[in-house]
Amino acid sequence: MTTRTAPTTFAKGTVLGAATLTIMAAAIIAPSLPAMSDVYGAGVLVRLALTTTSLAIAVSAPLSGAFADRVGRKPLLVGALVLYAVSGTAGFFIGDLTVLLLSRALLGLAVGGVMTAVSALVTDWFDGQRRARFLGLQQAFASLGGVVFLPLAGLLAGIDWRAPFWLYSVAAVVALAAIAALHDEPRAHAATTGKFRPTGQAVGIYVLALAATLVFYMAPTQLPFLLAGLHVSPALIGVVIAGSTVTSAAGALLRPPPRPVATSTGLLGLGWLLAGTGTLPGIVAGLLVGGVGVGLVVPHLNVQLAGMAAPQHRGRALSGLVAGIFLGQFLSPLVVAPLVELTGIAGAFAWTGAVTTLGAIAALVTKEKK
């Protein structure tokens, strides 16, 4: 058994700073997608420049979890932040789409490491309600990263579509802070022999995270094209999409409702129904409502998973959630593409919102009958 040392304010601030670089890391280039289509040609491949990052995160997250459990949280976090800065800014210099996709995959490896290390550190530091509160704060900061970086990306994209890639250099500053702030982080140094075997409940959480993110990530992958069709500037596109991250941050800080999963799913569905009107006011309102839903549920899922695993396996347990979230991001444009082709982007939001809302109502009714 190890003695747990309370983290310093500097350490907590560094971890929250790292959290801002995670959820919306791939979406930083969302305002640049229309201009990228002009350079490389429209189609799914350009959207994959955004979501290839997500696939790499999903694939590598379990490896990051094992590394965090065996080697330590700090080495993983520092190394991942350095790779994040290098691979992210590389996009500014790359002129070939294939090479760009490769750099985005490396960025995904980095983001998976950052997310896993941050979540593992938080669950090492705190228990009970303090853990739940700080995980909510972590999710809020992850969402606020979108609030800060997406509007900046939109402004930069209006100057040069490659300019937003420089935003990834912020990770180098956070890496220096992590080197200074994090020392012998409190974690279980007991033997990590034995494999972590997810329970049925854990697998259900992973699948839920995948499905919800698949729906939510329609915002950065589809809306830039719908908004461009409404003659919205790249700068305003960044601001509009960032709206969902503002309310996601707010939702993460709220006390979870009695049925957080069904409630959050219902809010996401209602938000996408509003976005499906295809009007700028409807899109803005829909993103705000849907963001609350996502913000409500993610800390709840983290708390549940942290309680299911022993400390020496916690990194691996939490990495499954990271994998589910980002696999949903990657699959989003691929799964939604046929629906967009059939109904248009606004129609895809309307149909997805209707199905998601009905699923939430069914979950509430089923729970009520039990």
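I94 sits in the loop between α4 (73–90) and α5 (97–125), with helices being DSSP runs of H or I of at least four residues, strands DSSP runs of E of at least two, and both numbered from the N terminus. The model behind this is a predicted one, where local features need pLDDT of at least 70, side-chain atom pairs count only at pLDDT 80 or more, and totals for chains, interfaces and linings use all residues. Residues are numbered from 1 along each chain as its sequence is written, and side-chain values use heavy atoms, with hydrogens and water left out.

Although I94 is a loop residue, it counts as buried because its relative accessibility is 14%. Here buried means under 20% relative accessible area, exposed means over 50%, and partly exposed is in between, with a 1.4 Å probe and protein chains only. Setting aside neighbours within four places in sequence, I94 is in contact with Y40, V99, L100, S103 and R162, a contact being heavy atoms within 4.5 Å. R162 is 68 residues away from I94 along the chain, and the two C-alpha atoms are 9.3 Å apart.

Zooming out, the chain holds 13 helices and zero strands, so from the N terminus on its elements simply read α-α-α-α-α-α-α-α-α-α-α-α-α. The C-alpha trace spans about 60 × 55 × 35 Å along its principal axes. A compact globule of 370 residues would have a radius of gyration near 21 Å, and the 19 Å of the chain agrees with that; the radius is taken over C-alpha atoms, and the globule rule is 2.2 Å times the number of residues to the power 0.38. Of the 370 residues, 56% count as buried. Taking contacts between residues at least 6 apart in sequence, 85% join residues at least 24 apart.

As for the outside, the accessible surface comes to about 14,600 Å², and 71% of that belongs to carbon and sulfur atoms. Such areas come from the Shrake-Rupley method with a 1.4 Å probe, and for residues only the protein chains shown count as cover. On the charge side, the chain has 21 positive and 10 negative side chains, with the centres of the two sets 11 Å apart. Lys and Arg count as positive and Asp and Glu as negative, while His and the chain ends are not counted; each charge is placed at NZ of Lys, CZ of Arg, CG of Asp or CD of Glu.

Back to single residues. S60 belongs to helix α3 (residues 44–70) and is buried, since its relative accessible area is 6%. The S60 side chain reaches the backbone oxygen of A56 at 2.8 Å. That fits a polar contact, meaning a pair of N or O atoms within 3.5 Å; within protein, one must be able to donate a hydrogen and the other to accept it, and residues adjacent in sequence count only if both atoms are side-chain atoms. Beyond neighbours within four places in sequence, S60 is in contact with G108 and L109.

Q139, in helix α6 (residues 128–159), is also buried, at a relative accessible area of 8%. With neighbours within four places in sequence left aside, Q139 has contacts to S248, A252, G295, V298 and P299. A317 lies 178 residues from Q139 along the chain, and their C-alpha atoms are separated by 17 Å.

Helix α12 (residues 280–308) is home to V303, which is partly exposed because its relative accessibility is 30%. Residues up to four places away in sequence not counted, V303 touches A132 and L135. The C-alpha atoms of V303 and A132 are 6.1 Å apart, with the two positions 171 residues apart along the chain counted as their separation.

I205 is found in helix α8 (residues 200–216) and counts as buried at 5% relative accessibility. Not counting residues up to four places away in sequence, I205 touches L301, Q304, L305, M308 and L321. One of these, L305, is 100 residues from I205 along the chain, with 8.2 Å between the C-alpha atoms.

H231 lies in the loop between α9 (218–229) and α10 (234–253). At 74% relative accessibility, H231 counts as exposed. Its phi is near 65°, a positive value in a residue other than glycine.
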